[in-house]
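Thanks for making time this morning. I will go from the whole chain down to a handful of single residues, and I will keep it short.

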Amino acid sequence: MSTKLNLTLCWHMHQPYYRKGLSGEYQLPWVYLHGIKDYDDMAAHLERHPRMKAVVNFAPVLLEQLSDYATQIQEFLDTGDRMDDIMLSILAGATPIPDNAKGRRELMQACRRAHAPRMIDPYPQFQGLLQMFPVDEPTGGQEILVSYLDDQYFVDLLVWYHLAWCSHRLKQTPAVRRLMERAKRFTMEDRHELLVIIQETLASIIPRYRKLAESGQIEISMTPWGHPIVPLLNDFGNMKESQPDAPMPEHPAYPGGEERSRWHLQHGMERFEGFFGFRPKGVWLSEGGVSDDAVAQLDEMGIEWTASGEAVWHHSCLTSACNPDEMACRKALFIPYQLNNSKTLLYFRDDGLSDLIGFEYSKWHADDAVADFMGHLHRIASSLGDEADQHVVSIILDGENAWEYYPDNGHYFLDALYRAIENSDFVNSTTFSEANRLTRRDELSHLVAGSWVYGSFSTWIGSPDKNRAWDLLVDAKNMFDRKISTLQEKEAEEARRMLAICEGSDWFWWFGDYNPSDSVNDFDRLFRTQLKTLYCMLGETPPAALDTPVSSGGGVMENAGTMRRN
């Protein structure tokens, strides 16, 4: 094949703000656990394949938490100062193991939070510790037995939980291998060694990605600071074109929403530049949520590219009268678009190929999965012929939640995939900023507002629980607007940051009866806690409505609800 098809793999790294308030206890451990597993391994794959180019997208609120964890653990190792994460604190011995049955049960349940077939069952010692006590509601006898367990049981359980969450790369190191081979009766020295491994790994993540970017191998892009759905902050009406029959929140709009969107973008830029030393050229708007007004805001800031999902492309091309033949064969999917006179180009993901990686290939042998994926790319390249090098296939997906469903954290799949792309005679891996110069482009006269999930905002708005959450947030924003001028400068800035945390997309993602109850309850409780904290920072008593859960869940979603299939 004389020309190569351009391919951009974009991995989106994101976790919401898990601390209680601005500086309280971490309520969920997912930042540091994904740090020692996925962010570490994803960097290692790129380091091992220097000819493989990719885009890595970070939410600044995640970068801040990674940095904070690394700092807190180092301070504990240096001075013994307590850490603000209960799991780490118990692992370190800084917080004693609970001495009551309820606390012990909660700790045991916390250590089950992993995909058992890939992260628990392969380790007989870890599996055996958990099998002693079923997940079902405990009997009286079991409760008595839990009370009589000695502390060593919980030490071994905690160490194994963290070992299971270690990346494939870490599991090949002598220190982690020694701990896994020891298998039981872990000592305080073992726990200290594991804590050092966790700290060093977390501290290395941002510098490693920065080095990869500085070498030109990857492009790092960002999401607005707190991961809000920008089109919904700007205008609730942005939901109507793709959800015409869905109910809207009682409040007609989010007050001052465009100003808040700009705050997330500008503050995100500042924090991003502080971590990486440069401003990003691209912005992945949270959840690929785009609209005409959101793209206009990116254009104001000089952003070169953004991206969304295939359904948004389809809807927008229909309204903009794109070439129907090129749409039918999907040739028109593989180019960037210019929205009217905006300089910010729009890319659209191939939903099918992205979802194969996110949901299907975990069930395949790695070699078969890679052969299938490359076969799809070969058919696309062949259909484009000599024009292949003027097109780009955009693969955009979650860079952290898929891998626990793969054997060995996706190691063999990603290693084989990167090798196949590097050695391909028909595929050229590139970044979106490079693709701007390589590909032909077309124009859109209007962007049908939506996200990478179903081409709509239905995951975040338009159902009773989600709308109620928006109404609670609007109430808090109205109070913020009334009180912000009465605060001192430092207090006002802290209140703005607290508001930004409450504006994050994840709260709305989890509300709904189709999601698992445990996750819904976790995020529901934290959302209401953050809103209460905001009211207190404004000198106001939180309303009684925040004492009532927004949603209870009850469904069983694929991949535990952390990802959505299109």
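I will begin with Ser354, which counts as buried because its relative accessibility is 1%, under the 20% cut-off. Before I go further, please keep in mind that this is a predicted model. Ser354 sits in helix 17, residues 351–360. Which residues does Ser354 contact, leaving aside its neighbours within four places in sequence? They are Arg349, Ser394, Ile395, Ile396 and Leu397. Cys10 is 344 residues away from Ser354 along the chain, and the two C-alpha atoms are separated by 9.8 Å.

Now the whole chain. The protein has 24 helices and nine strands. Its radius of gyration is 24 Å, close to the 24 Å that the globule rule gives for 566 residues, so the protein is as compact as a globular protein of that length. Taken along the principal axes, the C-alpha atoms fill a box of roughly 70 × 60 × 45 Å. Of the 566 residues, 60% are buried.

On contacts, take the ones between residues at least 6 apart in sequence: 79% of those join residues at least 24 apart. As for the surface, the protein exposes about 21300 Å², and carbon and sulfur atoms supply 50% of that. There are 54 positive and 82 negative charges, and the mean positions of the two sets are 3 Å apart.

Next, helix 13, residues 257–276. What span should its 20 residues have at 1.5 Å a residue? The expected figure is 28 Å, and the end C-alpha atoms are 28 Å apart, which agrees. The buried residues in helix 13 include Trp263, His264, Leu265, His267, Gly268 and Met269. Towards the end of the numbering, Phe272, Phe275 and Phe276 are also among the buried residues of helix 13. As a reminder, an α-helix has 3.6 residues a turn, so residues three or four places apart point the same way. Just after helix 13 comes Gly277, with a positive phi of about 85 degrees.

That brings me to backbone angles in residues other than glycine. Arg185 has a positive phi, near 50 degrees. Where is Arg185? It lies in the loop between helix 10 (174–182) and helix 11 (188–214). His227 also has a positive phi, near 60 degrees, and is a residue other than glycine. His227 is in the loop between strand 3 (218–222) and helix 12 (230–234). Is His227 buried or exposed? His227 is buried, because its relative accessible area is 0%.

Another loop residue is Glu241, placed between helix 12 and helix 13. Glu241 counts as partly exposed because its relative accessible area is 44%, and that class runs between 20% and 50%. Not counting residues within four places in sequence, Glu241 is in contact with His446, Leu447, Val448 and Ala449. The last of these, Ala449, is 208 residues from Glu241 along the chain, with the C-alpha atoms separated by 6.9 Å.

Two helix residues remain. Ile73 is in helix 2, residues 60–79. Ile73 has 0% relative accessibility, so it counts as buried. Beyond four places in sequence, Ile73 touches Met83, Leu88, Leu195, Ile198, Gln199 and Leu202. Ile73 and Leu202 are 129 residues apart in sequence, and 9.5 Å apart in space from C-alpha to C-alpha.

Finally, Tyr412, in helix 19, residues 411–422. Why does Tyr412 count as partly exposed? Because its relative accessibility is 47%, between the 20% and 50% limits. Not counting residues up to four places away in sequence, Tyr412 touches His168 and Ala366. The C-alpha atoms of Tyr412 and His14 are separated by 23 Å, and the two residues are 398 apart along the chain.

To recap the single residues: Ser354 is buried, Ile73 is buried and His227 is buried, whereas Glu241 is partly exposed and Tyr412 is partly exposed. That is what I have.

Notes. Residues are numbered from 1 along each chain as its sequence is written. This is a predicted model: local features need pLDDT of at least 70, side-chain atom pairs count only at pLDDT 80 or more; totals for chains, interfaces and linings use all residues. Side-chain values use heavy atoms; hydrogens and water are left out. Helices (H or I, at least four residues) and strands (E, at least two) are DSSP runs, numbered from the N terminus. The expected span of a helix is 1.5 Å times one less than its number of residues. Buried means under 20% relative accessible area, exposed over 50%, partly exposed in between (1.4 Å probe, protein chains only). The radius of gyration is taken over C-alpha atoms; the globule rule is 2.2 Å times the number of residues to the power 0.38. Contact means heavy atoms within 4.5 Å. Accessible areas come from the Shrake-Rupley method with a 1.4 Å probe; for residues, only the protein chains shown count as cover. Lys and Arg count as positive and Asp and Glu as negative; His and the chain ends are not counted. The place of a charge is taken as NZ of Lys, CZ of Arg, CG of Asp or CD of Glu.
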